Amino acid sequence: MSDTDTKPRTKVRPKTERPRLHKVILVNDDYTPREFVVTVLKGIFGMNEDQSYRVMITAHRRGTSVVAVYTKDIAETKATEATDEGRRAGFPLLFTTEPEE
Ligand code: TYC
């Protein structure tokens, strides 16, 4: 580098976009018992009794409730696992995912 060359004052730092997070959404239905929903939320999403009751009752009253946000893969895996627990017990319990804005 010659004397007249000027170094950039700051390092070039290419912007790396963070991967978009995906919401897991609990969908209400008329058949799955409340207590079963709470048990699934505790087991698969690591929530305590209070948190899972709140998420369950929000879906019950409003139709849907956001459970948590994760990377796409983890959100989809957990939504599938939670939905499958309902299926195995004979309930139409449904968890879906959607990307965050
Ligand atoms: N609506 C159900 C009932 O009254 C309880 C329920 C809540 C089911 C939330 C699903 O995502 C749900 N037994």
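**Exercise 1. List the residues around the ligand, then sort the shell by class and by element.**

Solution.
Step 1: List the shell. In this predicted model, the ligand is surrounded by Leu26, Val27, Asn28, Asp29, Thr32, Arg34, Val37, Met56, Ala59 and His60. Each has a heavy atom within 4 Å of the ligand.
Step 2: Sort by class. Five of the shell residues are nonpolar, three are polar and two are charged.
Step 3: Assign elements. β1 (22-27), α1 (34-45) and α2 (49-62) each give at least two residues to the shell. The largest share, three residues, belongs to α2.

**Exercise 2. Find N or O atoms of Asn28, Thr32 and His60 that pair with ligand nitrogen, and say whether each is in the side chain or the backbone.**

Solution.
Step 1: Set the cut-off. A polar contact needs a pair of N or O atoms within 3.5 Å.
Step 2: Check Asn28. An N or O atom of its side chain is 2.8 Å from a nitrogen atom of the ligand.
Step 3: Check Thr32. Here a backbone N or O atom lies 2.9 Å from a ligand nitrogen atom.
Step 4: Check His60. The side chain is used again, with an N or O atom 2.9 Å from a nitrogen atom of the ligand.
Step 5: Add the burial. The ligand taken alone exposes 340 Å², and the protein buries 88% of that.

**Exercise 3. Locate the ligand among the pockets and describe the lining of the largest pocket.**

Solution.
Step 1: Place the ligand. It sits in the largest pocket.
Step 2: Give the volume. The largest pocket holds about 180 Å³.
Step 3: Find the centre. The lining has 13 residues, and the closest to the pocket centre are Asn28, Asp29, Thr32, Val37 and His60.
Step 4: Name the elements. β1, α1 and α2 give two or more residues each to this lining. Its largest share, three residues, comes from α2.
Step 5: Sort by class. The lining of the largest pocket has seven nonpolar, three polar and three charged residues.

Terms used:
Residues are numbered from 1 along each chain as its sequence is written. This is a predicted model: local features need pLDDT of at least 70, side-chain atom pairs count only at pLDDT 80 or more; totals for chains, interfaces and linings use all residues. Side-chain values use heavy atoms; hydrogens and water are left out. A polar contact is a pair of N or O atoms within 3.5 Å; within protein, one must be able to donate a hydrogen and the other to accept it, and residues adjacent in sequence count only if both atoms are side-chain atoms. Accessible areas come from the Shrake-Rupley method with a 1.4 Å probe; for residues, only the protein chains shown count as cover. On a 1 Å grid over the protein atoms alone, a cavity is a set of points where a 1.4 Å probe fits but cannot get out, and a pocket is an open set with protein on both sides within 12 Å along at least five of seven lines; lining residues have an atom within 4 Å of a point. A molecule sits in a cavity or pocket if more than half of its atoms lie within 2 Å of its grid points. Helices (H or I, at least four residues) and strands (E, at least two) are DSSP runs, numbered from the N terminus. Ala, Val, Leu, Ile, Met, Phe, Trp, Tyr, Cys and Pro count as nonpolar, Asp, Glu, Lys and Arg as charged, and the others, Gly among them, as polar. Grid points are joined across faces, edges and corners, and a volume is the space filled by probe spheres set on the points.
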